[in-house]
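Reader: I would like to know how the terms used for a protein model are justified. Please take them one by one.

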Amino acid sequence: MLKNKGFYKGVDLGGWFSQCDYSEERLNSFITEKDIIKIASWGVDHVRIPVDYNIFENDDGTYKEDGFDRIDRALEMCEKHGLRVVLDLHKTAGFSFDNYGESESGFFDSEALQERFYRLWEQFASRYGKRSDSVAFELLNEVTDKTFIDAWNVISHKCIRRIRAFAPDTVILVGSYHNNSAPAVPDLAKPYDDKVVYNFHCYEPLKFTHQGAYWTDVINKDERFTFDESNITPEFFEQLFAPAIEAARLNNTSLYCGEYGVIDCVSPEDTVKWYRCINSVFEKHGIARCAWNYKEMDFGLSDSRLDGVREELLKYL
């Protein structure tokens, strides 16, 4: 379904309206039209734009029109250069995937915070629902704990029902726990309707893609691994994705990998090897995807370190 709608190969614009300092300089200048032109030249068909709720909401839940104005301008730039957009709510009031750098909490136990979530999505839907040919919605980035899944299945269905009043035809992406892991997809509820797609992320094996990561205690940041030492094969990804592929088949939907990528500690040559390997499985199963990340954020595809291999790398997005 996503391929037919033009959401098949994409690039994330992380660090623009999310995971940032929210300064005017950052919001106005991190991504410009020159960047959108470059991304379009890479042969992808869409971008995923992570956004945080505080771009659009004041502390009391009232709205900031300048936040929506920023998204309006971003959509206009992308449309001008032939790129569709996945609008991803990366952080909502009361929840963030980032347990290390955020203090948000309480979302899954608070009806008041859930109502703010529903209302914000109604705002997005009322403003962008008429762009269903070019804009898709991702409800929430990376639910973390498995204990949240029962609540999340209820919350996501309620949210989609409220979105549909304004955006009946928009594709909506829903991911599972363990930060959108593929093996957790079968625990998602049956899709609300035929325009809901199962979403997962893939940075496996983590010891390879996140080696040197300084923001997490699940990785020894001093260890280093080559691609060949990590025993990464297409069969590895086949096995990893199998539960998600089967869940999508049983529920008559499709799959989207909203994030995948390799940290900038890895050599350019090994980065290409990993992308080539995972791409072969994406292509075999028709899995739509979006690579993390266009620029900086420790994963930048446009960063100068990849200049010597980028032409080859772009074949495997």
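Reader: How many helices and strands are in the protein chain, and what makes a run count as one?

Author: The protein chain has eleven helices and nine strands. Each is a DSSP run, numbered from the N terminus: H or I over at least four residues for a helix, E over at least two for a strand. This is a predicted model, in which local features need pLDDT of at least 70, side-chain atom pairs count only at pLDDT 80 or more, and totals for chains, interfaces and linings use all residues. Residues are numbered from 1 along each chain as its sequence is written, and side-chain values use heavy atoms, leaving out hydrogens and water.

Reader: Why is the protein chain called as compact as a globular protein of that length?

Author: The globule rule is 2.2 Å times the number of residues to the power 0.38, and the radius of gyration is taken over C-alpha atoms. For 317 residues the rule gives 20 Å; the radius of gyration is 18 Å, close to that, so the chain is as compact as a globular protein of that length.

Reader: What makes a residue buried, and which residues of β5 are buried?

Author: Buried means under 20% relative accessible area, with a 1.4 Å probe and protein chains only. In β5 (residues 135-138), Val135 and Phe137 on one side and Ala136 and Glu138 on the other are all buried, so by this definition both faces are covered. Of the 317 residues of the chain, 56% count as buried.

Reader: How do you know that β5 pairs with β3 and β6?

Author: Two strands pair if DSSP finds at least two bridges between them. Strand β3 (residues 84-92) and β5 have four bridges, in the parallel sense, with Val85 opposite Val135. Two bridges join β5 to the parallel strand β6 (residues 172-175), where Ile172 is the bridge partner of Phe137.

Terms used. Buried means under 20% relative accessible area, exposed over 50%, partly exposed in between (1.4 Å probe, protein chains only).
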